[in-house]
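Visitor: I'm new to reading protein models. Could you walk me through this one and tell me what the words mean?
Guide: Sure, let's have a look together.

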Amino acid sequence: MTKTLEIKDLHVAIGGKEILKGVDLTLRQGEIHALMGPNGSGKSTLSYALMGHPSYEVLAGTAELDGENILELEADERAKKGLFLAFQYPTAIPGVTVANFLRHAVTNVRTPDRKEGEDLMPMREFRKELRETMEELGVDGEFARRYLNEGFSGGEKKRAEVLQLAMLRPAFAILDETDSGLDIDAVRLVSEGVNKVAARAGTGVLVITHYQRILNYIKPQFVHILFGGRIVENGGNELVDKLEREGYDWVREKYPDAAVDEDELERRALAESKFAF
Ligand SMILES: Nc1ncnc2c1ncn2[C@@H]1O[C@H](COP(=O)(O)OP(=O)(O)OP(=O)(O)O)[C@@H](O)[C@H]1O
Ligand SMILES: [Mg+2]
């Protein structure tokens, strides 16, 4: 059965400040959507809020996966319901190998009723599946023995995420700037991986990106523009072309109220990055 993820009037705050101001977005399994928007418009905020990151406070709205509001569930419950997020900035887990991490994640997602401490997926079965998936995605066998994300290059981090995606076969996947920092060949490779996995598992995909490049490979049927904390435009590939050619000035002019909020968000984003460097 095809599942639906329906986000309605979602308002989210971080640090007491409202970032998302009423987001509406519906994804169905098997569909590919692209979410674009300037720096600081709230794209990552949307993905973190959907995954249940504790710093993101949901002020109003719902996100229903097949009729159930996932915003009321714990993060691990959301994953078990079939939601997957590939982070914009994945964290390293020293001491935990890619294989070990995947075995835990796969077991938890496939046997949602498993209690902590109960058996993991049998090693032999897991290894076989991991090996086949790595072969299919063209990932070197050595990769599984490394510590997750520790010392990974930008490209390796993204490949680790596609590997997770392939092993977890989620109903919905949010890929937050999976293309950032990748060379052309790596973008193609990662995209091909996503396409394969999406086709096989019927995953509904939300690709968050700034650039047309990745969308030449992962072809979205639906394109949305997030601006000032809400989705102001819904369309198809023509929106990607327009943004590539003209930037966001026309969006700013067309949605003056959202532009006021967007300017504030961008100022905050800039101030924050000053602290970060
Ligand atoms: N921990 C935080 N504390 C305060 N403000 C935050 C925090 N995290 C994010 N923000 C603010 O939330 C706003 C939205 O950030 P978000 O990361 O969602 O943007 P984005 O659209 O993903 O941008 P980018 O394209 O640069 O990745 C920004 O103004 C940012 O400064
Ligand atoms: Mg972001």
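Guide: Helices (H or I, at least four residues) and strands (E, at least two) are DSSP runs, numbered from the N terminus. By that count, the protein chain has 10 helices and 12 strands. This is a predicted model, in which local features need pLDDT of at least 70, side-chain atom pairs count only at pLDDT 80 or more, and totals for chains, interfaces and linings use all residues. Residues are numbered from 1 along each chain as its sequence is written, while chains are lettered from A and ligands numbered from 1 in the order in which they are written.

Visitor: Why is the protein chain called as compact as a globular protein of that length?
Guide: Its radius of gyration, taken over C-alpha atoms, is set against the globule rule, 2.2 Å times the number of residues to the power 0.38. The chain comes out at 19 Å, close to the 19 Å that the rule gives for 277 residues, so it is as compact as a globular protein of that length.

Visitor: What makes β2-β1-β4-β5 an open sheet, and which are the edge strands?
Guide: Two strands pair if DSSP finds at least two bridges between them. β1 (residues 4–14) and β4 (residues 56–65) share eight bridges in the antiparallel sense, and two bridges join β4 to β5, also antiparallel. The four strands form an open sheet in that order, with β2 (17–28) and β5 (68–69) as the edges, since each pairs on one side only.

Visitor: Which residues stand opposite each other there?
Guide: Lys8 stands opposite Thr62 in β4, Leu5 has Leu65 in β4 as its bridge partner, and Glu64 faces Asn69 in β5.

Visitor: How do you know which residues come nearest to ligand 1?
Guide: A residue is near a molecule if its C-beta atom, placed from the backbone, lies within 6 Å of it. Of the 17 residues around ligand 1, Asn39, Lys43, Ser44, Thr45 and Arg268 come nearest. Helix α10 gives the largest share of that shell, four residues.

Visitor: What makes a residue of that shell nonpolar, polar or charged?
Guide: Ala, Val, Leu, Ile, Met, Phe, Trp, Tyr, Cys and Pro count as nonpolar, Asp, Glu, Lys and Arg as charged, and the others, Gly among them, as polar. Sorted that way, the shell has four nonpolar, 10 polar and three charged residues.
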